[in-house]
Amino acid sequence: MHGRKAYQLVKEFAGSEKGHLKIFNEELFERVAEECNEHHNALQSLIRKMQEEGLEVQTARNADHYGALVHHLSLIRNKRCLMAYVYNRAEIIRDLAWKVGLLHELPCEIKEKFSDSEEQYFKDHSKSLKMYMSQLSLDVNVDMVPPKDPYIKVRVLEGLGSGIILSDKSANFASHSMHFLKRTDAEQYIARGLMEEMIS
């Protein structure tokens with residue numbers, strides 16, 4: 001049946017937990033792309049046959065016309081399913097670049113779910129974000145919701161030593177010490193699990 005493989009591809013993505021990726025289904029993706037090529041070739045063949053018979057492709061209403069229409073609609077549907085699969089995975093990858101990629105490398109268990117092109121997309125997107133932030137001297141990844149106060153109270157979980165240079169001072173981050181820091185300075189240490197924000 002036309003479009004069943006494409007439906008399976010989209011259903012597989014829709015069945016995964018929101019914001020999480022399953023392994024890129026290369027085999028099914030390729031089978032849908034092959035089916036697209038088959039529909040395209042059949043469509044071209046039917047159009048040539050109608051032209052050779054001297055029929056107007058747009059106005060003729062014979063079996064070849066309706067066969068061409070079925071192949072055309074199947075081709076469009078398959079392409080839309082492929083684009084939906086790729087686009088929705090790209091959105092999750094883009095979110096990962098914002099949440100994780102700016103601070104450190106992705107864990108292997110996430111990377112192994114990417115296709116080669118998705119892995120390259122992740123690297124390029126993260127690189128572009130880092131370049132943009134360095135040009136502006138601004139960390140756009142710190143808070144997606146504007147904070148009420150630019151300073152936060154943090155507790156050091158692992159001793160980082162003395163002489164750590166922050167944007168407005170240098171500090172000694174001994175284990176279990178508490179500090180009042182700019183949110184932008186503390187965020188990188190919080191993300192790496194070296195500090196925690198103290199909620200007042």
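**Entry 1: strand E1.** I started with strand E1, residues 151-156, in this predicted model. I wanted to know which residues sit on its covered face and which on its uncovered one. Ile152, Val154 and Val156 make up the covered face, while Tyr151, Lys153 and Arg155 lie on the uncovered face.

**Entry 2: partners of E1.** Next I asked in which sense E1 and strand E4 pair. I found an antiparallel pairing over 5 bridges, with E4 covering residues 178-182. Here I noted Tyr151 of E1, which stands opposite Lys182 in E4. Then I turned to strand E5, residues 195-197, and found that E1 pairs with E5 in the antiparallel sense over 3 bridges. In this pairing I could match Val154, from the covered face of E1, with Glu197 in E5.

**Entry 3: the whole chain.** I stepped back and counted 6 helices and 5 strands in the protein. Reading along the sequence, I wrote down α-α-α-α-α-β-β-β-β-α-β. I also looked up contacts between residues at least 6 apart in sequence, and 62% of them join residues at least 24 apart.

**Entry 4: overall dimensions.** How does the radius of gyration sit beside that of a compact globule of 200 residues? I noted 27 Å for the protein, against near 16 Å for such a globule. The box filled by the C-alpha atoms is roughly 85 × 30 × 30 Å along the principal axes.

**Entry 5: surface and charges.** I saw that 32% of the 200 residues count as buried. The protein exposes about 13200 Å², with 54% supplied by carbon and sulfur atoms. Last, I checked the 27 positive and 30 negative charges, whose mean positions are 4 Å apart.

Key
Residues numbered from 1 in each chain as written. Predicted model: local features only at pLDDT ≥ 70, side-chain atom pairs only at ≥ 80, totals over all residues. Heavy atoms only, no water. Helix = DSSP H or I, 4+ residues; strand = E, 2+ residues; numbered from the N terminus. Rg over C-alpha atoms; globule rule 2.2 N^0.38 Å. Buried < 20%, exposed > 50% of the residue type's maximum accessible area, 1.4 Å probe, protein only. Contact = heavy atoms within 4.5 Å. Areas by Shrake-Rupley, 256 points an atom, 1.4 Å probe, with all protein chains shown as cover. Lys, Arg positive; Asp, Glu negative; His and termini not counted. Charge placed at Lys NZ, Arg CZ, Asp CG, Glu CD. Pairing = 2+ DSSP bridges.
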